[in-house]
Amino acid sequence: MAYAVCHSLIQTIDRILNLDDKKYPISVEGKRQIKDLLARIETIKQFLEKYPKEAASFETAVTNAANQAEDVMEHFIYEHYCWNLQADKMAAVGRPRNRTNILYDFRELDRVMEKISPIAQQMAEIQQKEEDEQQHGVRPATATSSAPVSQPDIDIDTVGLGEYLKNIKDVLCGQPSSQRQIVPLTGIGGIGKTTLARAVYNDEDVINEFPVRAWIVVSQKYNTQNIFGELLYALEKQIPDTLVDKSETMENQLHRILTLKKYLIVVDDLWSAQAWDNIRKAFGDPKKCDGSRIVITTRDETVAKDVSSTSTPIRMELMSPENSWSLLKNKAFPDRDLAPDMKKIAYDVATSCGGLPLAIVLIGGILSSAEANTKAWGDIAKDVKSAVEKDNEFGNIVAMSYTYLPVHLRPCFLYMGGFPEDHEFRISKLIKLWIAEGFVRDENQAKDYLYKLVRRNLPLITDLKFNGEFKSCNIPNMVRDMAKSQALDENYERRLTIGYPDLKRLARAYASTLRSCLTFQSSESSLAGLRKFKLLRVLDVVDTDAYSLPAPVFELFHLRYLAFGCPMEVPHAISRLQNLRVLLVHHSKRLRQHSKDNVDLPQEIWLLPLLTHLVSFFDLLPDPEGVASALKELLTLNVVKKLICTEQIMGLLYNLKKLAITYSGDKYPNEDYQLHNLVLLTQLEKLTLVVKKGSLLQVKSKPVFPKTLKKLTLSGWRFPWEYMKAIAALPELQVLKLTDHAFEGGAWSTFDYENDYDEESDYEEVELFVKLEYMLIQESDLEDWETESYHFPALKRLVLNRCGKLKKISEDMGNILELKLIEVDRTNESLLECARRIRDKQEEDYGRVLIVRQI
């Protein structure tokens, strides 16, 4: 943590030195002290990064001193902020205040400097000695932090799992009309149960076999209602809206869906038979004979036997030395042949891991990031053997992943370890949190750090976007346990609490130091202690039962990230949060089924100068008239309702990159939303426009799209297909999603667009959808779609769902060189057969692999 605290302190000092002197006065001597401290901390930070092994002995001392210095700095800012608030109130009634009572010059920093200065001196001496030895060739230079890396390729590695995979697929797909079966997978932690289950879950044959699939995680500390909520949320996206009655209980809705539909459900990380008894009642009729299957992973063989008396549990064994070596090679150097001496070291490392896949992939991450020479790898091999000799358990091998982790990545990793067991991280949220915490500078650096952690196999990617970008991840339980243990050793709790049950009790220990509070408690009382935490940067209380935030929240001057559950009141005082970057208002888990609950934002939302991401379910963006200043930092506005896109509004939101708007056609049928002004958002990359409950809005509200768009989602508009011309011409568009009759009419011909081009131009060179990679058409009355492959030159994935009148697509679509996947809902047999003919023809003519998947 020393590096992270030093990095944060440098940022805090920079903020203080750039504050308004009138509002935050600092004496000349005070500024000198701060600059002296800054110089020493920058030196220490460089040493920590350049000489991590030598810096280990200084870790605790540096962390404590830097924490103390930052506490002094931020308390200084907070006290002046509170004084300024009070002074404004007093001035309003003609009673000015004297500031001299808090004009001090950071005498507290003298004590910190007494601790920091000797450390900086010792580090300077060590650094000089290291540089002298390097200059005289005594030892090689220590590697500094690596350059930014690109996103690593992610594939589920099934080394050693082939036989398991085949056997499970036989059970799942072999008897399509048999009675429902439960398939238990068992084995020790880290053996690969989840990896095997995910490989089965994502197998193409399995996907085509089961109309409905879902993945739920139970864990040791589970909540039955939360599990039901997560399961229902996953299933609702795969069934018609008319299948269930939303007024029924979640349990009854689940029972109906899973009685009527053939399904595959993975129940991951089940710890007890009691947990299974609590959740199985929602899984429909256990005697139904449609081939439904439930796959369960558990460490406990007794649990595996208890959940199914008719199925023999599949017990996963430790890997053989040969498979251990193959797995290590795949993870550490898949595209590289090793010299004999290097290969021997790597083989010894693989076999020393005792056949545990988790240990092997973690060591593979270390080797892939280390210098490729016999000395560096030899040192790692010694550490692995030493870890195994100290303890027969695998904890010491897992801990090596942290020992070899660069110092700038450690706080990001430890942060993930603080979340609940089996927590799945949305990458977009995780990045926002890292930025708010001060671990990273911006989104690009955050992605780079994440990619480096993924290369070391610490977070495991659990879901991908259509284009292969990471969507979500988690960390294995053994890795999480190691991270939590390391965080306690480094006194991380003084800055961060996640899911702590009693904030009042926590306040007695850390009220003056805590920077982050994320609660997963469904209790209003968890907010009662917030007034004590004056230095909070991150506050996430989405899942509490409270309907209003306590007033002290809006005095948290340092707050950068605020997330809470809907519905909840947002007072005018939100304008006081001048450092707020992220405001997220989500439906809490208790209200996930009640989408009508809204939150209204006050006009003061326009007065947050640093606001970068605003995600909410509020009804209206308040009228900016009279108070607004341009939200020049705002990149995300999602989801806003009934936004009238006036020139003034577009001018205030000119840097937006992501915008989502929902209109209710029956509520405001005659409104002109001025969507032609969307073209003024010259930085916009992602746009979602949704109409609910039907409307005639398309008559008045034809949008004009900016040429910068990369992703466009339209839903419910019922535009005529001729409007597609403007979309086809967007030069950067990569993703197009058309849902709920976004376009209306039986015929769509892309040949019509060629009339807009010069008649003398080469017919084959007409360029439409030039960069489009993904296209979804869902719920459409389209019957006849005329097109050719050269109209979609970059298309990789085509999804046609609930297009019951569309019976065929042009066979020439198979000639799109980039096309890898066509997905069609399983009820449209004619369209499925057409897609399969295209697939077979491409394989026969060109040997190309084109996947056709049922959905």
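Entry 1, the negative patch. I began with Glu 108 and found this residue in helix 5, bearing in mind throughout that the model is a predicted one. I then looked up its surroundings, and Glu 108 turned out to belong to a negative surface patch together with Glu 79, Asp 110 and Glu 114. Helix 5, which covers residues 108-135, gives the largest share of this negative patch, namely three residues. Is Glu 108 buried or exposed? I noted a relative accessible area of 35% for Glu 108, so the residue is partly exposed, since that term covers values between 20% and 50%.

Entry 2, the positive patch. Next I turned to the opposite charge, and I found a positive surface patch made up of Lys 237, Arg 426, Lys 465, Lys 658 and Lys 686. I followed up Arg 426, which has its place in strand 6, a strand of residues 425-426. With a relative accessible area of 47%, Arg 426 is also to be entered as partly exposed.

Entry 3, the sheet around strand 6. Which order do the strands take in the sheet? I read the order 6-8-7 for an open sheet of three strands, in which the pairing is antiparallel. Strand 6 and strand 7 (460-464) are the edge strands, as each of them pairs on one side only. I then checked the contact between strand 6 and strand 8 (residues 470-474), and these two pair in the antiparallel sense over two bridges. Finally, I looked at what faces Phe 425, and the residue standing opposite is Cys 473 in strand 8.

Notes. Residues are numbered from 1 along each chain as its sequence is written. This is a predicted model: local features need pLDDT of at least 70, side-chain atom pairs count only at pLDDT 80 or more; totals for chains, interfaces and linings use all residues. Side-chain values use heavy atoms; hydrogens and water are left out. Patches are made of residues with over 30% relative accessible area and no salt bridge: like charges are joined within 9 Å, nonpolar side chains (Val, Leu, Ile, Met, Phe, Trp, Tyr) within 5 Å. Accessible areas come from the Shrake-Rupley method with a 1.4 Å probe; for residues, only the protein chains shown count as cover. A salt bridge is a side-chain nitrogen of Lys or Arg within 4 Å of a carboxyl oxygen of Asp or Glu. Lys and Arg count as positive and Asp and Glu as negative; His and the chain ends are not counted. The place of a charge is taken as NZ of Lys, CZ of Arg, CG of Asp or CD of Glu. Helices (H or I, at least four residues) and strands (E, at least two) are DSSP runs, numbered from the N terminus. Buried means under 20% relative accessible area, exposed over 50%, partly exposed in between (1.4 Å probe, protein chains only). Two strands pair if DSSP finds at least two bridges between them.
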